[in-house]
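Me: I should like to learn how salt bridges are read from a structure. Please take me through the case shown here.

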Amino acid sequence: MAATLSAEEEQATRQFLEEINKWTTQHGVSPLSRELAVKFLMARKFDVLRAIELFHSYRETRLKEGIVRLQPQEEPLRSELLSGKFTVLSVRDPSGASIALYTAKLHHPNKTGNHVVLQALFYLLDQAVESFETQRNGLVFIYDMAGSNYTNFELDLSKKILNLLKGAFPARLKKVLIVGAPVWFRVPYNLLSLLLKEKLRERVQMVKLDELRKHLPRDCLPQHLGGLLPLDATSWNQQLLAGQNDRVDPVDELVGIPVEETSVHVPGSESMRPQELLNHLGRLQRSGIHQEYEELLKEPPAGSFNCSLAASNQEKNRYGDVLCLDQTRVRLTARRNERSDYINASFMDGYKHRNAYIGTQGPLENTYGDFWRMVWEQNVLVIVMTTRTNEGNRRKCGQYWPLEEGGQEVYGHMAVVNQRVDHHTHYNHTTLVLHNTETCEQRQVSHFQYLSWPDYGVPTSAVTLIDFLGAVKRQQRKMVNTLGPQWTGHPQGPPMVVHCSAGIGRTGTFCALDICLSQLQDVGSLNVCQTVRRMRTQRAFSIQTPDQYYFCYNAILEHAQRQGLLPANQ
């Protein structure tokens, strides 16, 4: 069923996204998608303020209850999902609402912890409200107590289930039917008062099994209740699991999980100390390292390129064969009258730092506005440019910033002023001030351009590149410190934009060196091959030539020698 909204609902969706994505930008996580936004708005009848409140309640609840990074194919969650304790019935109530069922008889508190039960509940209901029909028509929740004993009941869990459904889950909860409640539950009727917040009580009804015909379709009653749910009725759960092997839960980023724990770059089992790295290079020589690189090239990309390949986005790619993975691409915040959120840019992890970089191509004239929008939306403090605008009579990158001190250019709704240029032997450091003409805010951004790196080649000196990297990182730290308490993301700050011409060769080499040297400093070892392999899962084709790959090895060893980690005569 297509998500067709009225004009008023579309307006509420735009307003909701604008407000929420101010939060996502501030906290350095991906913008909320329109699809997720509609879920929250549907649940609150497109009341924007109440939907924003629900969004934060949902996010905070999932963090508090440990409902993050769910692995449905792993134990104990898999068994809980297949237990039949929770399911969504294949029928709907007369109004079109989905029917979710919790069978208390199947819960054994001494065997299953509350957090696993809540994980299963959220996981299944998240899938149920993928349906636009369910978002529109709502959810009926049956709390089936028929045939259960006091040993199946847990007051704290029951309170959480019922109150979470009403106050912290993006679904329009139409009613809760407590079916077949045992005498011990019904007689002290104040148990309901203990269980439910005041606003929820009016939607809750205690009913007997034979009264359910008034509320639900005949064909799901009464044999499906009282713990007598046929095994094939859990097929919804089984089918769901069968299609979830590679599914990434978008909420993991949304809830603001500590980013340093989710980086792909963490020390691996095959890390090498500097002497081992030197021995490895000595054994393989240049030809062997080139062969190691060729083996990496044989590994297929770790995702799809559908958005990059869309006809409407072709003009935004500098090179037709350098594409962004859909899974890691940077999405521009949706704007009125714009069809696409696309820019040829990818989030890339750093060492123990998720989204430490944005690897991107050298901006084209028709993407200058998109580039500066991205810089603004992602709170970027530092831009690293590892190319000249022209090399060998070929245009490598557009002049996307005012080159002269005091110069000013306007790109879309962003005005960029060149405040100062500091010239160094191998690089220029330009201080830019960004003015957002829509919000009347301004920010400072540092632009570093490395000048001694030929396209497809390697720098003339590893020392000068590593010194450049050091200058970049010092400036990033300085600017993060300037932000003070207003920055609540990763201690190392928001993403650093890194680009060359295509955004994969020199860009990949720069990032690989930073990751490897950060790990060397942290734990005294590193693994070049592992780092590049992981990097290519986020910015496909990173490191473009065997010589760039070989350069990484030599640059690290040169740095290790300078730091006294290797004997000077080696």
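Me: Which side chain meets Asp547 in a salt bridge?

Reply: A salt bridge is a side-chain nitrogen of Lys or Arg within 4 Å of a carboxyl oxygen of Asp or Glu. Here the partner of Asp547 is Arg286, with 3.1 Å from N to O. This is a predicted model, in which local features need pLDDT of at least 70, side-chain atom pairs count only at pLDDT 80 or more, and totals for chains, interfaces and linings use all residues. Residues are numbered from 1 along each chain as its sequence is written, and side-chain values use heavy atoms, with hydrogens and water left out.

Me: Where in the chain do Asp547 and Arg286 lie?

Reply: Helices are DSSP runs of H or I with at least four residues, numbered from the N terminus. Asp547 belongs to helix α19 (residues 546-562) and Arg286 to helix α13 (residues 274-297), so the pair links distant parts of the chain, 261 residues apart.

Me: Is Asp547 buried or exposed?

Reply: Buried means under 20% relative accessible area, exposed over 50%, and partly exposed in between (1.4 Å probe, protein chains only). Asp547, at 35%, is partly exposed, and Arg286, at 42%, is also partly exposed.

Me: Which residues are joined with Arg373 into one network?

Reply: Arg373 forms a salt bridge with Asp370 (3.8 Å, N to O) and another with Glu377 (3.6 Å, N to O). Salt bridges that share partners thus unite Asp370, Arg373 and Glu377. In helix α15 (residues 368-377), Asp370 and Arg373 are three residues apart, which means a separation of about one helical turn. Asp370 and Arg373 are both buried, and Glu377 is buried as well.

Me: How many salt bridges does a search of the whole structure find?

Reply: The search finds 16.

Note on methods:
Helix = DSSP H or I, 4+ residues; strand = E, 2+ residues; numbered from the N terminus.
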